[in-house]
Amino acid sequence: MKENDLLERTSNFGVRCLKLLRNLPNTSEFQIIKYQLGKSSTSVGANYEEAQAGSSKADFKNKIRIALKEARESSYWLRVIKAIEERPGEDLNFLVAES
């Protein structure tokens, strides 16, 4: 059986985003971003995982589409953080590229 590295990558993506969020300031604008990015970044892996047990090809494709949409939303929020952070770190740059 071929190893599916996307299962691990999507899971790691969500975890790394959550860890990044821990280090952001507790200002009102970052509170909004933390909530949105926390939801979308963990949803990528959850939907990809769920797609692996799709009940049909259509179900599989639908879950993959949702995972893609969540990855794009995560990319948006990561780019917003990058734009307003004074010193974006390498982890943030990695997550933007990974999304």
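Select Lys-63 first and show everything around it: Lys-63 touches Asn-47, Glu-50 and Ala-51, leaving aside residues up to four places away in sequence. Keep in mind as you look that this is a predicted model. Lys-63 sits in helix α3. Is Lys-63 buried or exposed? Its relative accessibility is 15%, so Lys-63 counts as buried, since the cut-off for buried is under 20%.

**Zoom out to the whole chain**

Now show the chain as a cartoon. You should find 4 helices and 0 strands. Following the sequence from start to end, you read the pattern α-α-α-α. The C-alpha atoms fill a box of roughly 45 × 25 × 15 Å along the principal axes. How much of the chain is buried? Buried residues make up 32% of the 99 residues. If you like to think about contacts, take those between residues at least 6 apart in sequence: 65% of them join residues at least 24 apart.

**Select α2 and α3**

Next, colour residues 28-51, which form helix α2, and residues 57-84, which form helix α3. A pair of packed helices is described by the angle between their axes and by the distance between those axes. Here the axes come within 8 Å and cross at roughly 155 degrees. Angles over 145 degrees count as roughly antiparallel, and α2 and α3 are therefore roughly antiparallel to each other. Their crossing is left-handed. What kinds of residue make up the contact of α2 with α3? There are 16 nonpolar, 6 polar and 4 charged residues in it.

**Move on to α3 and α4**

Keep α3 on screen and add helix α4, residues 90-98. The axes of α3 and α4 are 9 Å apart, and the two helices pack at an angle of about 150 degrees. This pair, α3 and α4, is therefore roughly antiparallel too. The crossing of α3 with α4 is left-handed. To see which side chains meet, select Leu-78, Arg-79, Ile-81 and Lys-82 in α3, together with Leu-92, Asn-93, Leu-95 and Val-96 in α4. The residues of this contact divide into 5 nonpolar, 1 polar and 2 charged.

**Stop at Val-96**

Click on Val-96, which lies in helix α4. With a relative accessible area of 18%, Val-96 is buried. Which residues does Val-96 touch, not counting those up to four places away in sequence? They are Leu-78, Arg-79 and Lys-82. Try a distance label as well: the C-alpha atoms of Val-96 and Ser-75 are separated by 5.8 Å, although these residues are 21 residues apart along the chain.

**Finish in the core**

For the last stop, look at the largest nonpolar core, which has 16 residues. Which residues have the most contacts inside this core? Select Leu-37, Leu-78 and Ile-81 to see them. The elements giving two or more residues to the core are α1 (5-22), α2, α3 and α4.

Now centre the view on Leu-78 and show its neighbours. Not counting residues up to four places away in sequence, Leu-78 touches Phe-13, Cys-17, Leu-20, Leu-37, Leu-92, Leu-95, Val-96 and Ser-99. You will recognise Val-96 from the previous stop, and Leu-37 is another of the residues with the most contacts inside the core.

Note on methods. Residues numbered from 1 in each chain as written. Predicted model: local features only at pLDDT ≥ 70, side-chain atom pairs only at ≥ 80, totals over all residues. Heavy atoms only, no water. Axes fitted to C-alpha atoms, helices over the stretch in contact; angles between N-to-C directions. Parallel < 35°, antiparallel > 145°, perpendicular 65-115°, else oblique. Left-handed = near helix turned anticlockwise from the far one by under 90°. Nonpolar A, V, L, I, M, F, W, Y, C, P; charged D, E, K, R; others polar. Core = buried A, V, L, I, M, F, W, Y, C linked by side-chain atoms within 4.5 Å. Buried < 20%, exposed > 50% of the residue type's maximum accessible area, 1.4 Å probe, protein only. Contact = heavy atoms within 4.5 Å.
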